[in-house]
Amino acid sequence: MATFRYWLMGILWFVGGLIFADAPDPAYGKFQIGNPEAAKRGQVALTTRTFTPASFTKDSLKTVWKIWTKKAPADPMSAARERFGLHEAPYPNGGLPMGLRKGTLALDIQGLALDCMVCHGGSILGKSMVGLGNSSLDLQALFEELPGAGLRRIATPYHFSRTRGTNEAVATSVYLFGLRTPELDFQLTRTYPKLVDTLCGDVPAWWLMKKKATLYATGEGDARSSRGLMQFSLHPLNQKVFFEKEESTFKDILQYLYSIEAPKYPFMVNHSLAVRGLGIFQNHCSKCHGTYGENPTYPNKIVPLEDVATDPGRLNAYPMEFAQKYSRSWFAKGHEGWLADGYQGRVNAGYQAPPLDGIWATAPYLHNGSVPTLGHLLESKTRPARFTRSYLTTESDYDKDKIGWIIRRVDPKEFPTNAHEARKIYDTNEVGRSNQGHDYGDSLTDEERKALLEYLKTL
Ligand code: HEC
Ligand code: HEC
């Protein structure tokens, strides 16, 4: 039986590779990216409105410190920001950090709601940015501590995050979609009761979306579908009418996401070395990651797992029935994009090689955030097995030699005393957290890697 299963998986890989490896589809070409008015409307909607009811009381962020210390911090709001890894909002947000916003709890009582930027609002060199993944976030602490406003901890139905800076958004989408019919009505029994919450998902940067035809680590989503974005609003209190009513808002939000640009590397670059690096990139990396500069190209390759050989956990996280139900669902019946044209939910057989624009700013690397710097990525034997970092984002937390976060290797004997501290340690021996694979830089010499790193700074 097992042999048969492997045999079948092999065939699926092969067929998946044929169908999905080089993605573009005729419908993709017709879709318009770049509508400045819509993008502006989308930006306003995303940074001023809430799309889910409030989950926390109005003052919870100010009082939550009581759960971890007896002594009141001098500035309770910044203590909470640091505890959960939230960043100051780069837009007017009523003194709240990115990711939280005033919203309605129930019966017109004001509270705090979460928004997309809790995960998709990050900070680099101390500067907040919408669209940069939040690599400081401790979402587990936030969900355990904020609902009780500092009076008590609550138990979560599954892990929201296992390691700081990564999260289990995939489990959330499987959980919430499992409570709906394909037409988004509520159903009493939840399908797919088995959740995979060991993925440690690293949040991709939104500025890459304009180049992509397919989304997510595995390329199973449609990058031109505004309905697809709405699945992140499957809050149990959002009825089906919400989705129909807000569809046009999400079309605008999608245009805003396409309009976001990657930040430029702000430090010195050795240009003659970078030119050497360009040559190495063209020979060793371009076939999967595309070309940059004047007329950029992006092949949108979904690379079979046997080739890239990174952690397989994410590939196996969505049950096949989930993908099938998704393709029959309201989300898949948008009027633009691929799914509308009869594409089945993409159950892919590998990981998408992402565009590398602004790659200097998006550490840690790989879909599970298991590699803290580009230097470590390019020489697999140097990758740290167990490490921690400050989870702050200032210049002194940034490693300009290796390009990424400054880390400290942690001895296996060092066991932190509480769960919050334990989440600050990334242990690549744990399920879903392997830092294996993607060894395409290993065959290069030290000189070549140095030149390549210099080039990567310029993307
Ligand atoms: C709990 C954290 C979290 C929240 C909240 C969240 N996301 Fe995400 N998002 C993720 C993670 C993690 C991924 C990567 C998932 C993967 O591929 O495994 C992702 C992926 C995406 C992608 C695909 C990007 C790409 O290039 O592949 C889009 C688009 C997106 N999210 C939009 C949104 C929008 C819009 C919202 C708010 C309505 C939102 N997300 C809320 C964590 C989150
Ligand atoms: C055979 C295709 C292939 C080649 C060749 C290749 N890559 Fe990749 N690369 C991938 C895939 C697939 C991923 C995503 C893997 C994952 O997340 O598990 C990736 C991920 C990355 C990432 C991490 C992106 C992120 O946001 O986390 C970087 C950086 C990168 N590659 C750089 C390079 C460089 C530099 C080279 C040349 C030395 C190279 N790659 C060669 C396929 C390739």
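**Entry 1. Ligand 2**

I began with ligand 2 and found 23 residues around it, with Cys285, Cys288, His289, His367 and His438 coming nearest. The model I am reading is a predicted one.

I then looked up the polar contacts of ligand 2. A polar side-chain atom of His289 is 2.8 Å from a nitrogen atom of the ligand. For His438 I noted a polar side-chain atom 2.8 Å from a nitrogen atom of ligand 2. Thr310 places a polar side-chain atom 2.7 Å from an oxygen atom of ligand 2.

Which elements each supply at least two residues of the shell? I listed helix H12 (286-289), helix H13 (305-308), strand E9 (350-352) and helix H15 (374-378). The largest share, 3 residues, comes from H15. Sorted by class, the shell around ligand 2 holds 16 nonpolar, 6 polar and 1 charged residues.

**Entry 2. His438**

I returned to His438 to record its backbone. His438 sits in the loop between strand E14 (425-427) and helix H17 (446-457). Its phi is positive, about 40°, although the residue is not a glycine. Is His438 buried or exposed? I recorded a relative accessibility of 15%; His438 therefore counts as buried, the cut-off being under 20%. That value is computed on protein chains only, and His438 is among the residues that come nearest to ligand 2.

**Entry 3. Ligand 1**

Next I turned to ligand 1. Of the 19 residues around it, Cys116, Cys119, His120, Lys212 and Arg314 come nearest. A polar side-chain atom of Lys212 lies 2.6 Å from an oxygen atom of the ligand. Two backbone contacts also went into my notes. A polar backbone atom of Tyr216 is 2.7 Å from an oxygen atom of ligand 1, and a backbone N or O atom of Ala217 is 2.7 Å from an oxygen atom of ligand 1.

Helices H6 and H8 each supply at least two residues of this shell. H6 gives the most, with 3 residues. By class I noted 15 nonpolar, 2 polar and 2 charged residues in the shell around ligand 1.

**Entry 4. His120 and helix H8**

I followed His120 into its surroundings. His120 belongs to helix H6 (residues 117-120). With a relative accessible area of 16%, His120 is buried, because buried means under 20%. The side chains of His120 and Trp206 are joined by a polar contact of 3.3 Å. Setting aside residues up to four places away in sequence, I listed the residues that His120 touches: Met129, Val130, Gly131, Leu132, Val203, Pro204 and Trp206.

I then checked helix H8 (residues 169-177), where Val170, Ala171, Ser173, Val174, Leu176 and Phe177 are buried. Helix H14 (320-328) is included in what covers these buried residues. I noted the helical repeat here: an α-helix has 3.6 residues a turn, so residues three or four places apart point the same way.

**Entry 5. Pocket and cavities**

I looked up the second largest pocket, which holds about 520 Å³ of space. Which of its 20 lining residues lie nearest its centre? I found Lys264, Gly293, Asp357, Thr458 and Leu459. The lining of this pocket has 9 nonpolar, 4 polar and 7 charged residues.

For enclosed space, I recorded 2 cavities of 30 Å³ or more. The second largest cavity has a volume of about 40 Å³. Its lining consists of Arg164, Thr166, Pro364, Gly369, Phe387, Arg389, Tyr391 and Tyr426. I divided that lining by class into 4 nonpolar, 2 polar and 2 charged residues.

**Entry 6. Backbone geometry**

Pro364, one of the residues lining the second largest cavity, called for a look at its peptide bond. The bond from Ala363 to Pro364 is cis, with omega near 0°. Pro364 lies in the loop between E9 and H15. I had already noted that E9 and H15 each supply at least two residues of the shell around ligand 2.

I closed with Ile403, whose phi is positive at about 65° although Ile403 is not a glycine. Ile403 is placed in the loop between strand E11 (398-399) and strand E12 (404-405). Its relative accessibility is 0%, so I entered Ile403 as buried.

Key:
Residues numbered from 1 in each chain as written. Chains lettered and ligands numbered in written order. Predicted model: local features only at pLDDT ≥ 70, side-chain atom pairs only at ≥ 80, totals over all residues. Heavy atoms only, no water. 1 Å grid on protein atoms, 1.4 Å probe; cavity = no way out; pocket = protein on both sides within 12 Å on 5 of 7 lines; lining within 4 Å. Points joined across faces, edges and corners; volume = space filled by probe spheres on them. Nonpolar A, V, L, I, M, F, W, Y, C, P; charged D, E, K, R; others polar. Near = heavy atom within 4 Å. Polar contact = N/O pair within 3.5 Å; in protein donor to acceptor, adjacent residues only side chain to side chain. Helix = DSSP H or I, 4+ residues; strand = E, 2+ residues; numbered from the N terminus. Buried < 20%, exposed > 50% of the residue type's maximum accessible area, 1.4 Å probe, protein only. Contact = heavy atoms within 4.5 Å.
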